Amino acid sequence: MFDNLTHIGIAGDWHGNTWHAIKTLNEFHKRGIGTIIQLGDFGIWGGQAAASYIQKIERTLKKNNQSLYIVLGNHENYEKINSIPVDPQAGLQHYRENISFFPRGFRGMLGKHSFVALGGANSIDREWRTPFISWWQEESLTLGDVYNTAAGGVADIMFCHDAPTGAPVPLSNGSEWSQAGLRYADEGQMMLRQAVDAVKPQILLHGHYHVFYEGIAYLNDGLVDYETLCIGLDMDDKPNSNVILDAITLEYQVF
C-alpha cells in the first residue's frame, strides 16, 4: 500500500476548512504527490456544511488521482468514526473511496521505513464543549491503545495528532486555559509518551498545537536514552502546515 512510495505528503489540522483542504490537495498534486497523510482534526462532524466539505474533497481526490489517510484528532465525531468497520485485510477504516482512517496503533511500511499511526488527544478546552455535539470521550488514548501500539515494538516514523511529553513544542504560558484543562491535556501527552517510549521513532510528525516547529526530543524510556526528531505542523491556511517526506532518506520539505 505504502511500501512502493518514494515521497508522501503530510498535512496538519484542517478543521473542516474546505478552501484550505482543496488548496492543499492541489498543491500536493502540483508536486507529484498522490498519497497524503492528514494529522487529525480533519473535520468529521455533522450537518450540511460538513457533508459538502467531504464531497468536495472526494471530487478533488478523484480528479487528482490521490488517496487520503487520516490520523484522527480530538475534534472529531467518534460516534460516526466508531461505526465504520476495520477492513480485515488492509487494517484501515474506509470512509470514502479515496479516504481512509488509521485505527490507533496502525503499522505499515513507507518506502524502506516502518511507521506507526496513533491519533487522538485530550482537548484542553473540554469544559467549554458539549458531549456528543462538540466533544467525545473517545478522543483520549487508552491504556489499550498504548499496549497495542507498544506490542509492535520500534518503528522508524510515528504519525500522531498530539505530541508526547518531552517534545519541544513551543507552547504559550497557558494562562488562557483552566488548571483542569491543562491537567487533562497533560494526561493525554503522558499517555502518548508511553507509546512513544516503546516505538522510539527516528521522526515523529504531529499537529494539534496550531504552531510549526522542528526540534530534537531527548527522551528516556526509564532504561535507555533515545532521540526523536519532532515536527509539529501548523493548521489550516497558516504557513508551514504541510510537509513532503522522502520515504527513502527521511529528508523533508516544509511548505
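User: Are F115 and F159 buried or exposed?

Analyst: In this predicted model, both F115 and F159 are buried.

User: How should one read the geometry of such an aromatic pair, and which kind do F115 and F159 form?

Analyst: Two values describe a pair of aromatic rings: how far apart the centres lie and the angle of the planes. For F115 and F159, the centres are 5.6 Å apart and the planes stand at 65 degrees, an edge-to-face arrangement. The pair links distant parts of the chain, since F115 belongs to strand β7 and F159 to strand β8, 44 residues apart.

User: What are the values for the pair of Y69 and F102, and which parts of the chain does that pair tie together?

Analyst: Y69 and F102 are stacked, with 5.8 Å from centre to centre and 20 degrees between the planes. Y69 is in strand β3 whereas F102 is in the loop between β5 and β6, so the pair ties together parts 33 residues apart in sequence. Both Y69 and F102 are buried. These four residues, together with F2 and F106, form one aromatic cluster. Across the whole structure, 13 aromatic pairs are found.

User: In what order do the strands of the open sheet lie?

Analyst: The six strands follow the order β6-β7-β8-β9-β11-β10, with mixed pairing. β6 (106-110) and β10 (213-220) are the edge strands; each has a single partner, so one side of each lacks a neighbour in the sheet. From one strand to the next, the twist averages 25 degrees.

User: How many bridges join β9 to β11, and which helix packs on the sheet?

Analyst: Strands β9 (residues 203-206) and β11 (residues 225-232) run parallel and are joined by four bridges. One bridge partner in β11 is G232, which pairs with H206. Helix α5 (residues 179-199) packs on the sheet and touches β6, β7, β8, β9, β10 and β11; its direction makes about 165 degrees with that of β8.

User: How many disulfides does the structure hold, and where does C160 stand relative to C230?

Analyst: A disulfide requires two cysteine sulfur atoms within 2.5 Å. The search of the whole structure finds zero. For C160, the nearest cysteine sulfur is that of C230, 8.9 Å away. C160 is buried at 0% relative accessible area, and C230 is buried at 1%.

User: Which residues touch the most other members of the largest nonpolar core?

Analyst: Of its 26 residues, these are W14, F42, I57, L68 and F101. Elements supplying at least two residues each include α1 (18-30), α2 (48-64) and β3 (67-70). A second, separate core has 24 residues, among them F2, I8, F115 and L233.

Definitions and conventions:
Residues are numbered from 1 along each chain as its sequence is written. This is a predicted model: local features need pLDDT of at least 70, side-chain atom pairs count only at pLDDT 80 or more; totals for chains, interfaces and linings use all residues. Side-chain values use heavy atoms; hydrogens and water are left out. Two strands pair if DSSP finds at least two bridges between them. Axes are lines fitted to C-alpha atoms, for helices over the stretch in contact, and angles run from 0 to 180 degrees between N-to-C directions. Contact means heavy atoms within 4.5 Å. Buried means under 20% relative accessible area, exposed over 50%, partly exposed in between (1.4 Å probe, protein chains only). A nonpolar core is a set of buried Ala, Val, Leu, Ile, Met, Phe, Trp, Tyr and Cys residues joined through side-chain atoms within 4.5 Å. Rings of Phe, Tyr and Trp (its six-membered ring) pair if their centres lie within 6.5 Å; planes under 30 degrees apart count as stacked, over 60 as edge-to-face and the rest as tilted.
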